[in-house]
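Please open the model in your viewer and keep the selection panel at hand. The tour below goes from one selection to the next and says what is found at each stop.

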Amino acid sequence: MTYLMSLFLIGLIVGMVAVASNPAPYFAALGLVVSAGVGCGILAGHGGSFLSLILFLIYLGGMLVVFAYSAALAAEPYPEAWGGWSVIVYMLVYMTGVVVAGACMWGGWYEGFWVMESFKEFMVVRGDTSGAAFMYSFGGGMLVISAWVLLLTLFVVLELTRGLSRGTLRAV
Amino acid sequence: MNPYVIMILISSLGLGTTLTFASSHWLLAWMGLEINTLAILPLMAQQHHPRAVEATTKYFLTQATAAAMILFASTTNAWIMGQWDINQMSHPITTTLVMTALALKIGLAPMHFWLPEVLQGLELTTGLILSTWQKLAPFALIIQIAPNVNHSLLMTLGLLSTFIGGWGGLNQTQLRKIMAYSSIAHLGWMIIVLQTMPTLTLLALITYIFMTTSTFLMLKLNQTTKITTLSSAWTKTPLAATLLSLTLLSLGGLPPLTGFMPKWLILQELTKQHLPLTATIIAISALLSLYFYLRLCYAMTLTISPSTNNSSAPWRLKNTQSTLLLATSTVLATSLLPLTPTTLAMLL
């Protein structure tokens, strides 16, 4: 389990670096998917299986479509991968930053350091499920507002992307 | 745009700010900020030309970054301190993070680069909303967290903003960019006095809103967005041009006008807090801003011939713009100084 978690954490950092180092949108989306998936694994490994499932279904299910479409719109004949000169400099700088930061904070690290503390043992429901339930029972209005925000987002996206000939963001 | 959609967007713009005002919980405040950002995006890209879409994209990216930082800092705070209250956020790391994020949201100096470019891509009315209404929600949060924020951070943000606002505006010929730099400079004045007397921050924000509303609406009335057209805009409405120059001088902070009031009181407060060096520096930085306001005044009004003739009046249609808000805000922007005691008593 420890090795798996270490692998996941390394995968998360590498995925983030892969996004942040400005490769072509194809590869950036790939890096984002990798880091999101690995992040779900970390959440599940540390006791947040419900949140992990939600994140996996919604984030990777919904956002992947958006990534696919935006990558298709921003298609280029010679995409810049992580080996390209403009990208590899960023990769190296970010990796060095991660190593330096890791060296500085090495002392505060121990195994099982961020397992969820509350609602861990002797509870019928786990921390993440009961947390979601808490939020919507104490703040029921939040649910209404969230629904309104989703509706608003729909209108915003429709209004921004409406019109076939008026697209400014796409390269066609 | 469909009027129903406009109704949804404008009411959500109101809802976002109201939610942030009303909340004591970081999650709800963050939701309010996000609703605000989302609702203004289609209004910004209303014309669908590349410049507006570019401005919208830049605005979205910066605001999303700032909101993500706020969410990160507030969850970190909940993790470390075990509570979500806005005005009890006390951990130094999280308060610094949140203050930086809010500075990015309103465009304070080291994080100001998006503001002139975004404002330049918008229409004057949307620009007005962006520089007035969109500042309110972040300011509500800033005032609530202010007592626990690092003092040097606020001083640095404030001084840098006034100077960069002044310097940035010097070489501009586009009026919306000048208004953006003027916004940055005014925000610096508001931040510098945030910890010693938050009332003055509010006062400066309110007077800034009056002055900038008047300026934007007057520019819209004249349909002018750069200095070259400004110099021939007075022929349409010579009296409004005169009032615009008064409003601009009020933004610059000259004594018999409204803009002098917040600057005066802030300098007094800084002196009372034994910060004479800061007070002197910030007073000097106001001169930088005054220079470009004066140049606008010169281009617009100071070269009008004393006896105007009919031949310089251009051919034009009857103006259909409603001028009620313009009239109100111009009166407030030019002649509020005698009411200083009442205004202070109202806010204190």
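**First stop: a leucine in chain B**

Select B:L130 and display its surroundings: leaving aside residues up to four places away in sequence, B:L130 touches B:I40, B:Y59, B:V118, B:L119, B:L122 and B:K135, where contact means heavy atoms within 4.5 Å. This is a predicted model, in which local features need pLDDT of at least 70 and side-chain atom pairs count only at pLDDT 80 or more, while totals for chains, interfaces and linings use all residues. Residues are numbered from 1 along each chain as its sequence is written, chains are lettered from A and ligands numbered from 1 in the order in which they are written, and side-chain values use heavy atoms, with hydrogens and water left out.

B:L130 belongs to helix α6 of chain B, residues 124-131; helices here are DSSP runs of H or I with at least four residues, strands are runs of E with at least two, and both are numbered from the N terminus. Is B:L130 buried or exposed? With a relative accessibility of 2%, B:L130 counts as buried, the cut-offs being under 20% relative accessible area for buried, over 50% for exposed and partly exposed in between, with a 1.4 Å probe and protein chains only. If you add B:T235 to the selection, which is 105 residues away along the chain, the C-alpha atoms of B:L130 and B:T235 turn out to be separated by 29 Å.

**Along chain B**

Next, select residues 133-145 of chain B, which form helix α7, a mostly covered helix with 10 of its 13 residues buried. Among the buried residues of α7(B) are B:K135, B:L136, B:F139 and B:I145, and B:K135 has already appeared as one of the residues that B:L130 touches.

Now colour chain B by domain: domain 1 covers 1-123, and domain 2 covers 150-307 + 323-347, with bounds that come from an automatic or database domain assignment. The centres of these two domains of chain B, taken over C-alpha atoms, are separated by 24 Å, and 16 residues of domain 1 are in contact with 18 residues of domain 2.

Move on to B:T301, in helix α14 of chain B, residues 276-302, where the relative accessible area of 10% makes B:T301 a buried residue. Not counting residues up to four places away in sequence, B:T301 touches B:A241, B:T242 and B:S245.

Two loop residues are worth selecting together for their backbone angles.

- B:Q223 sits in the loop between α10 (198-222) and α11 (227-233) of chain B; although B:Q223 is not a glycine, its phi is positive, at about 50°, and with a relative accessible area of 66% the residue is exposed.
- B:H274 sits in the loop between α13 (260-272) and α14 of chain B; its phi is near 60°, again a positive value in a residue other than glycine, and at 69% relative accessibility B:H274 counts as exposed.

**Over to chain A**

Hide chain B and show chain A as a cartoon, which has six helices and zero strands. Of the 172 residues in chain A, buried residues make up 22%. Its domain assignment gives domain 1 (1-106) and domain 2 (125-171), with centres 23 Å apart when taken over C-alpha atoms, and the contact takes six residues from each of the two domains of chain A.

Select helix α2 (residues 25-45) and helix α3 (residues 49-73) of chain A, which pack at an angle of about 175° with their axes 9 Å apart. Axes are lines fitted to C-alpha atoms, for helices over the stretch in contact, and angles run from 0 to 180 degrees between N-to-C directions. α2(A) and α3(A) are therefore roughly antiparallel to each other, since angles under 35 degrees count as roughly parallel, over 145 as roughly antiparallel, 65 to 115 as roughly perpendicular and the rest as oblique. Residues in this contact include A:Y26, A:L32 and A:C40 of α2(A) and A:L55, A:F56 and A:F67 of α3(A).

For the last stop, select helix α5 (residues 127-138) and helix α6 (residues 140-161) of chain A, whose axes come within 4 Å and cross at roughly 95°. That makes α5(A) roughly perpendicular to α6(A). Where they meet, A:M135, A:Y136, A:S137 and A:F138 in α5(A) face A:G140, A:M142, A:L143 and A:S146 in α6(A).
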